[in-house]
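Hi,

Here is the structure I promised to pass on. Have a look at it first, and then read my notes underneath.

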Amino acid sequence: MSMIALSPEELTKLIADLNRLARNIWWTWNQGAQEIFHELSPRCWQNLYHNAVAVLREVSDYELRVRLQDEEFARRVRQVLQDFDAYLADKETWGRQHAPALSQHPVAYFSAEFGFHETLPIAAGGLGILAGDHAKSASDLDIGFIGISLFYREGYFQQQINQDNWQTEYYTLLNPDNLPLEPVLDARGQPLVCVVEIELTDVYFQVWRVNVGRAVVYLLDSNRPENPQHHRDLTRRVYGGDNTMRIMQEVLLGVGGVRLLRALGVQPSVFHMNEGHAAFLTLELVREKLAAGRPFADAVAKTREQCIFTTHTPVEAGHDRFNQDLMGYALRKLMGQLKISLETLMGLGRVNPADDAESFCMTVLGLKLSRAANGVSELHGRVSRQMWHALWPDKPVDQVPIGHITNGIHLTGWMKGPVRKFWQRKLSGAGGLPDPLASDSTSFWKPGHNISLEREFNSTGFWQKVADPEFLSDEELWALRYKLRRELIEFARRRLEQHVSQPDFIAFDQLLQPDALTIGFARRFATYKRAPLIFDQFDNIVKLIRDRRQPVQFIFAGKAHPRDDDGKRYIQRIIHLSKFSDLKGHLVFIENYDIHVARQMASGCDVWLNNPRRPLEASGTSGQKAGCHGCLNLSIMDGWWREGFDGTNGFAIGTDNHPDSIEEQDRLDSANLFKALTEEVIPAFYNRDDRGIPRQWLQLIRRAMVTLVPQYNTWRMVQEYTRKYYLPPQTGK
Ligand SMILES: *Cc1c(COP(=O)(O)O)cnc(C)c1O
């Protein structure tokens, strides 16, 4: 180890910069940064679940100073920091070119959940993951973006399976000091405290800032000593509690979020409601205008011009509804400030304002008070226009003003480390970008290197190159697939060993086979997603797994909502099959699905199974995480897949249609699923040439990479939002 003498001042600066780096979750999508934190303490990195802040707190100042005397390590730390600063300072961005108006007056994006990283579990599912990916891409593209959400100190639940194979839930207390969060302070250096009226009370809240690259997301936290316990608990759990808790959380999010922005002196150019949970923000915008002396109708009209709304599900239970009593109770004081009656207020959330029997629907409020609205895939847009047609009775259904923007994922955030390195190496080998991880890489590493890498990954050109066997041989691609499958299988085995609640012992090396076609299913266990559908053909599936020449195996994961016993029964059934049926050893259920598990599975599986009841999967995004890893989709023609599938890049279950009867649909889909599996998927996977290479399979992977990866990402998605909805209407068209 060669030593250089870093001066104490240099060391102090480096350590301060490392802390700054840890408190910007840019590191969650930068491989070099993650490697530094990992290397500081591999064991803590693993045990503290890849939490850079916690690792830094574990390592003493003295140890850091000593470690940074290792010249090579210090050099890499400086490189990552340079890269980080270059990212933050970059002026040649898409946003500056195409949306300069947003840098002064940002987008304010309200979402009840944000999924950034496994270390900050404040998302329940796809909605939150999408919000997190939206924020990351807004940062990459450099459009002005401020996110608003809540700081749930117990987060979303952790799943534990008990001896009856029944899901139980527990919660862990999150410690802000140990997370990539910073308290928002006022001019005196004290926590900034704002107020929102709930029931007849003033509820106080403080705020945590998540630095997401260039973007920021503020998390409101009502856990203040000024508040009674039941108000402190508003920000305890993601979607915790009953409808009363829910409405109060939503007042805090919507009204509180606007109050916070005003306290910070922010004048957003647009307020984006990510689902109905955030729609109370419109009431605060109306109140502001009333307070400035505008008449009510005028205030409503002006508010509409400021807002846009995204709906995320056609599932009825996904749309919050509150009855009149609850509205009157929770919004008692606010209503007084709005100077409107309860009837007028209720009218804003009803399709038919005069209908006393109709409850207050947050989606209706969001739609009524927005200048534009959208669903999250083409089909979901169409379904939403039908669903909300009654709000525009004078228009034919196809002219209902709900458009669509298909969801995506933040590509570099989802790409597994070894895969990112693999692509990086390939790029450097082909005369593209230099490889920063090569040992002789000191000379070329320039600030901005990482920025061009991000751009490459999100470009069509890069993925077209990948499709070219000259650039990437079948052998290399197949080797990568093997490596990823093995990593997943070993991850699954380790996870199963750890969970003492699964006492039915099965020898480590008998659990899953590294050579077998591995099919993954991981998502929330909402019943419309029909997790156990494939086992409707149980005897046939047993035949498949018994076929020694071409074996198949299954990995499942997912959480059911704590009050969803039907979803829990699905989990129970699958775990039971994994332990006591002929599928034992060939089927596993990984407990506690989260972002980390999702990444392992979407990268390591060969096939990503998706069999929702059409058209209820508004978009779905987990299948989009598969593409850059060479995992293929096998899916119902719903959500994003019916747009992405072109006959050459994966597998379809059934057609772009569905019968009206649910029973009929389930039966048909189960048969079609089995048909696709046996007639297309398995033959393609096991069709090997004399060198053992599945050429046909690899061709499908190449096609998936070219056609899907550059399209179904949040770089494309956020650009679409910006062009269609964020820019002021006069310049946006
Ligand atoms: C991607 C992701 C989701 C969303 O998956 P769907 O395809 O929409 O079901 C949900 N939860 C986690 C943890 C994810 O990573």
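Helix 9 (126–141) and helix 26 (595–604) are a good place to start: each gives at least two residues to the shell around the ligand. Keep in mind that this is a predicted model.

The ligand site

The shell draws residues from domain 2 (94–407) and from domain 3 (475–712), so the ligand lies between these two domains. Sorted by class, the shell has five nonpolar, five polar and four charged residues. Of the 14 residues around the ligand, the ones that come nearest are Trp414, Lys529, Thr621, Ser622 and Lys625.

Some distances for your setup: a side-chain N or O atom of Lys625 sits 2.6 Å from a ligand oxygen, and a polar side-chain atom of Lys529 is 2.7 Å from an oxygen atom of the ligand. With Thr621 the polar atom belongs to the backbone, and the distance to a ligand oxygen is 3.2 Å. As for cover, the ligand taken alone exposes 390 Å², and the protein buries 92% of that.

The sheet

There is also an open sheet of six strands, paired in parallel, in the order 17-16-15-18-19-20. Its edges are strand 17 (587–590) and strand 20 (651–653); each has a single partner strand, so one side of each has no neighbour in the sheet. On average, neighbouring strands here are turned by 20° against each other, direction ignored.

At the strand 17 edge, four bridges link strand 17 to strand 16 (residues 552–557), and the two run parallel. Ala557 has Ile590 of strand 17 as its bridge partner.

Cheers

Methods:
Residues are numbered from 1 along each chain as its sequence is written. This is a predicted model: local features need pLDDT of at least 70, side-chain atom pairs count only at pLDDT 80 or more; totals for chains, interfaces and linings use all residues. Side-chain values use heavy atoms; hydrogens and water are left out. A residue is near a molecule or strand if one of its heavy atoms lies within 4 Å of it. A polar contact is a pair of N or O atoms within 3.5 Å; within protein, one must be able to donate a hydrogen and the other to accept it, and residues adjacent in sequence count only if both atoms are side-chain atoms. Accessible areas come from the Shrake-Rupley method with a 1.4 Å probe; for residues, only the protein chains shown count as cover. Ala, Val, Leu, Ile, Met, Phe, Trp, Tyr, Cys and Pro count as nonpolar, Asp, Glu, Lys and Arg as charged, and the others, Gly among them, as polar. Domain bounds come from an automatic or database domain assignment. Two strands pair if DSSP finds at least two bridges between them. Axes are lines fitted to C-alpha atoms, for helices over the stretch in contact, and angles run from 0 to 180 degrees between N-to-C directions.
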